[in-house]
Amino acid sequence: MTDFSPDDHRFMARALQLAAMGLYTTDPNPRVGCVVVRGAQVVGEGYHVRAGEAHAEVRALRAAGEQARNSTVYVTLEPCNHHGRTPPCVDALLAAGVGRVVVAMEDPNPLVSGQGLERLRQAGVGVAHGLMAEAAHDLNPGFISRMRRGRPWVRVKMAASLDGRTAMASGESQWITGEAARQDVQRLRARASALLTGMGTVLADDPRLNVRIAAAELGVDGVVKQPLRVVLDRQGQLSAAARLFQDAAPVQVFTTEHRVEELQAQLAGTGARVQGVPRAGGHLDLSAVLAALAAQEVNEVHVEAGLRLSGALMQAGYVDELVVYLAPHLMGSDARGLMELPIQRMAGRVPLEIRDIRPVGRDWRVTARPSAA
């Protein structure tokens, strides 16, 4: 196992900071940061900003100029060794004459993983990897999921009272949490590739399901990119008058295969894309939906839906992360719960790993992931 020095940790931590600057802009590409160091001094930095633009390594090498020769390069993701939207970063590193490359994590694509590192080794460049790998993973859960599992990372967001209720028995749910929590949700939406909901939520709330936060608040130059809005509409109920269609952000509707033409006619002029998927267990085949989104380079899916769809995703094992905003009030035993989960015995409980708990205004945000324990 490679022994990394305190300086290695310090410079990789800076590369991770740089990578996080692309949190809201790099999609569908991964968030990557790079630091070029010579003589214990940083001579170049860069991060990947947008797909189609220069990768982090190229930006950092440009900043370093001639000082990149014989330098140590710290990069959060294995440099690419293939032509995509831009030329291979390995070529740029070799052309710059770097002496050592330290990588946080290998490329998650099993077809290319390790190839960039191997080419650097064969060229005589010192290579080490695995430094702060977990932090690098946490920056790109969706990209990694799409590469390794063929589906996006699924994050389910919920707002609940302290007694775990998400709506009154009548369906009334606005507003459970305060303004600070609702603004925090906009940041979660902004980092996602797609926002997904079910037809029940559309009928009940008529949401716009878009990102409503200023670019300056996200630290982003220009206009905030709107994620794809996705609606699961098994019965073909979506109307062209829905507020989803009041702006130009893209909308995709999944329905049963025999309702595609009917729904296309119903939504004519909205620009919505309608796609048919098989049915499974009385609802749309969620695996087919996620596979279709992955084929469109969707990395992270942010779900805001009712207890039925959220429960179906959980039962199918597709929920990777839960973000629950807990409000300091009680809604009572008649109010609706978090999810429709038919668990009859304690042995059937869904174990969770709490990853983070923090106050957001007067509410609390709990982030958890399903655990094998």
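Which residues in α4 are buried? In this predicted model, they turn out to be Gly-116, Leu-117 and Leu-120. Looking down the axis of α4, these buried residues fall within an arc of 100°, so they line one face of the helix. What they pack against is α3, along with β4 (100-105) and β5 (126-129). Just past the end of α4, Gly-124 has a positive phi of about 90°.

Now for the helix partner. Two packed helices are described by the angle between their axes and by the distance between those axes. Here, the axes of α3 (residues 89-96) and α4 (residues 115-122) come within 10 Å and cross at roughly 20°. Angles under 35 degrees count as roughly parallel, which means that α3 is roughly parallel to α4. The crossing of α3 past α4 is right-handed. On the α3 side, the contact is made by Val-90, Asp-91, Leu-93 and Leu-94, and on the α4 side by Gly-116, Arg-119 and Leu-120. Sorted by class, that makes four nonpolar residues, one polar and two charged in the contact.

Further along the chain there is Leu-228, which sits in strand β8 (residues 228-232). Its relative accessibility is 13%, and because buried means under 20%, Leu-228 counts as buried. What does Leu-228 touch, leaving aside its neighbours within four places in sequence? The list includes Ser-193, Ala-194 and Leu-195, then Pro-250, Val-251 and Gln-252, and finally Leu-293, Gln-296 and Val-298. As for Leu-209, 19 residues separate it from Leu-228 in sequence, while in space the two are 9.5 Å apart, C-alpha to C-alpha.

Note on methods. Residues are numbered from 1 along each chain as its sequence is written. This is a predicted model: local features need pLDDT of at least 70, side-chain atom pairs count only at pLDDT 80 or more; totals for chains, interfaces and linings use all residues. Side-chain values use heavy atoms; hydrogens and water are left out. Axes are lines fitted to C-alpha atoms, for helices over the stretch in contact, and angles run from 0 to 180 degrees between N-to-C directions. Helices (H or I, at least four residues) and strands (E, at least two) are DSSP runs, numbered from the N terminus. Angles under 35 degrees count as roughly parallel, over 145 as roughly antiparallel, 65 to 115 as roughly perpendicular and the rest as oblique. A crossing is left-handed if the near helix is turned anticlockwise from the far one by less than a right angle, and right-handed if clockwise. Contact means heavy atoms within 4.5 Å. Ala, Val, Leu, Ile, Met, Phe, Trp, Tyr, Cys and Pro count as nonpolar, Asp, Glu, Lys and Arg as charged, and the others, Gly among them, as polar. Buried means under 20% relative accessible area, exposed over 50%, partly exposed in between (1.4 Å probe, protein chains only). The arc is that of the directions from the helix axis to the C-beta atoms.
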